[in-house]
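Please give a short briefing on the structure shown here, written for someone who has not seen it before. The points of interest are the sheet, the helix that lies across it, and the pockets.

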Amino acid sequence: MASKRTNEDFLKDSKKQKTGHWSQGLKASMEDPNLIVDSDDLVVIIKDKYPKAQHHYLILPKEIFLTLKLLLK
């Protein structure tokens with residue numbers, strides 16, 4: 001039976017990684033003119049760098065939402 005990972009395990013792994021958080025890559029992609037499909041004041045639509053289908057796009061908000069409930073307002 002495999003043992004469960006602890007928070008300390010995750011901290012050790014994160015210290016080993018030299019790259020930033022995956023969200024930083026999305027922010028950079030949101031500004032890459034080669035990936036942008038469309039954009040307005042609220043969202044940007046980009047081509048997925050790792051598509052799982054022939055037409056695979058990401059719709060990303062330009063504003064940060066702390067909770068999903070804020071999207072319903």
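How many bridges join β1 to strand β2, and how do the two strands run? In this predicted model, 3 bridges join β1 to β2, which spans residues 43-47, and the two strands run antiparallel. The points below begin with the sheet to which these strands belong, and then turn to the helix and the two pockets.

**The sheet**

- The sheet is an open one, formed by 3 strands in the order β1-β2-β3, and the pairing within it is antiparallel.
- Its edge strands are β1, which covers residues 36-39, and β3, which covers residues 57-61, and each of these pairs on one side only.
- On average, and with direction ignored, neighbouring strands of this sheet are turned by 20 degrees against each other.
- One of the residue pairings can be named, since the bridge partner of I36 in β2 is I46.

**The helix across the sheet**

- Helix α2, made up of residues 22-30, lies across β1, β2 and β3.
- Relative to β3, helix α2 runs at about 95 degrees.

**The largest pocket**

- The largest pocket holds about 320 Å³ of space.
- The residues that line the largest pocket are W22, S23, L26, K27, M30, E31, L60, P61, K62, E63, I64 and F65.
- Two elements, α2 and β3, give two or more residues to the lining of the largest pocket, and α2 gives the most, with 5 residues.
- Sorted by class, the lining of the largest pocket consists of 7 nonpolar, 1 polar and 4 charged residues.

**The second largest pocket**

- The second largest pocket has a volume of about 180 Å³.
- Its lining is made up of H21, W22, G25, L26, S29, I46, K47, D48, K49, Y50 and L58, and I46 is also the residue named above as the bridge partner of I36.
- The elements that give two or more residues to the lining of the second largest pocket are α2 and β2, with the largest share, 4 residues, coming from α2.
- By class, the lining of the second largest pocket has 5 nonpolar, 3 polar and 3 charged residues.

**Where the parts meet**

- Helix α2, which lies across the strands of the sheet, gives the most residues to the lining of the largest pocket and also the largest share to the lining of the second largest pocket.
- W22 and L26 appear in the lining of the largest pocket and again in the lining of the second largest pocket.

Conventions:
Residues numbered from 1 in each chain as written. Predicted model: local features only at pLDDT ≥ 70, side-chain atom pairs only at ≥ 80, totals over all residues. Heavy atoms only, no water. Pairing = 2+ DSSP bridges. Axes fitted to C-alpha atoms, helices over the stretch in contact; angles between N-to-C directions. Contact = heavy atoms within 4.5 Å. 1 Å grid on protein atoms, 1.4 Å probe; cavity = no way out; pocket = protein on both sides within 12 Å on 5 of 7 lines; lining within 4 Å. Points joined across faces, edges and corners; volume = space filled by probe spheres on them. Nonpolar A, V, L, I, M, F, W, Y, C, P; charged D, E, K, R; others polar.
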